[in-house]
Amino acid sequence: MAKITIKDLYKMKENSEKIVMITAYDALFAKIFNDQVDMVLVGDSLNMSFGGHAETIGISVDEMIYHARAVRRGLTHPYLVVDMPFCSCATPQLALKNCAKVYEKTGCDAVKIEGGKDFAATVELLSKNGIAVMSHIGLRPQLSRFQGGYKVSGREKNALNLLLDDAKAVQNAGAVLLLLEGTVSSVANEVMSVANVPVIGIGAGSCDGQVLVWSDMLGFFDEFKPKFVKRYLNGAELVREAVKNYANDVKKGIFPSEEFEYLK
Ligand code: KIV
């Protein structure tokens, strides 16, 4: 299977072929996802489901690089995007320094930056320097502490215009992909109508493609389930059951049996 490039993603949009994206944080799961999806995101959501924190804020550029390198080793086929953590792109110059490091050290295809119009200058500088950017607009998890929670975007008055301005500004600045999170589907449709780059949605109805966080959709993170998540597996339940059986076997002396012992 050939490696998916940005040209393939544009062709898929042109042919109305849906693009499938999933997050991954390590080589083990990346290898499993490799043949099943078109795109993989090393999201800063790993700070929550992998790191056990309550929010995405707190992960460093170097920690993202560590995980992205592991994911890269597990992939041969999908287009790889790496998330830029909180405030790592606070100014265009800082963004260039941090994104260049991520781009060089991980071999990713694009970096993802949360922000619209206010980050257009950053997107432009990165694009001019040959770094492909996926702009993350709509609900921005890195703003959750500032905003007092996760806010579905596009419901307030004038919100549609603001979101359209964001989409147009980053696109004109050179963003090669858009990630649209947490907005009502009628608003997402409007964004789609102005977008000439593929729009990957999460909690935003049907876009050119979809992304889900692997630990949510496979049921490993089962503390709560956002409305937009469809669970395809009860991962946590299956693992608990398996580990219970293992513990039971060890306690009862059933495991290890002769079958699992080295013989002379
Ligand atoms: O960090 C993340 O996993 C994300 C999601 C929107 C997919 O950005």
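These legends walk through close-up views of a predicted model, its two domains and its ligand.

In this predicted model, local features need pLDDT of at least 70 and side-chain atom pairs count only at pLDDT 80 or more, while totals for chains, interfaces and linings use all residues. Residues are numbered from 1 along each chain as its sequence is written, and side-chain values use heavy atoms, with hydrogens and water left out.

**View 1. Domain 1 and domain 2 of the chain.** Domain 1 covers residues 6–233 and domain 2 covers 234–264; these bounds come from an automatic or database domain assignment. Their C-alpha centres are 39 Å apart. Six residues from domain 1 and six residues from domain 2 make the contact, meaning heavy atoms within 4.5 Å.

**View 2. The area buried between domain 1 and domain 2.** The two domains bury about 410 Å² between them, and 57% of this is on carbon and sulfur atoms. Buried area here is the accessible area (1.4 Å probe) that two parts lose on being put together, summed over both. On the domain 1 side, look for Phe220, Asp222 and Leu233: they supply 81% of the area this domain buries against domain 2, more than any other three residues.

**View 3. The salt bridge between Asp222 and Arg240.** The closest N and O atoms of this pair are 3.1 Å apart. One salt bridge is found across the domain interface, the rule being a side-chain nitrogen of Lys or Arg within 4 Å of a carboxyl oxygen of Asp or Glu.

**View 4. The surroundings of the ligand.** Around the ligand you will find Thr23, Leu41, Gly43, Asp44, Ser45, Asp83, Lys112, His136, Glu181, Ile202 and Val213, where a residue counts if one of its heavy atoms lies within 4 Å.

**View 5. Polar side chains at the ligand: Asp44, Asp83 and Lys112.** A side-chain N or O atom of Asp44 is 3.1 Å from an oxygen atom of the ligand, and for Asp83 the distance is 3.1 Å. Lys112 places a polar side-chain atom 2.9 Å from a ligand oxygen atom. Taken alone, the ligand exposes 260 Å², of which the protein buries 95%; accessible areas come from the Shrake-Rupley method with a 1.4 Å probe.

Technical notes. A polar contact is a pair of N or O atoms within 3.5 Å; within protein, one must be able to donate a hydrogen and the other to accept it, and residues adjacent in sequence count only if both atoms are side-chain atoms.
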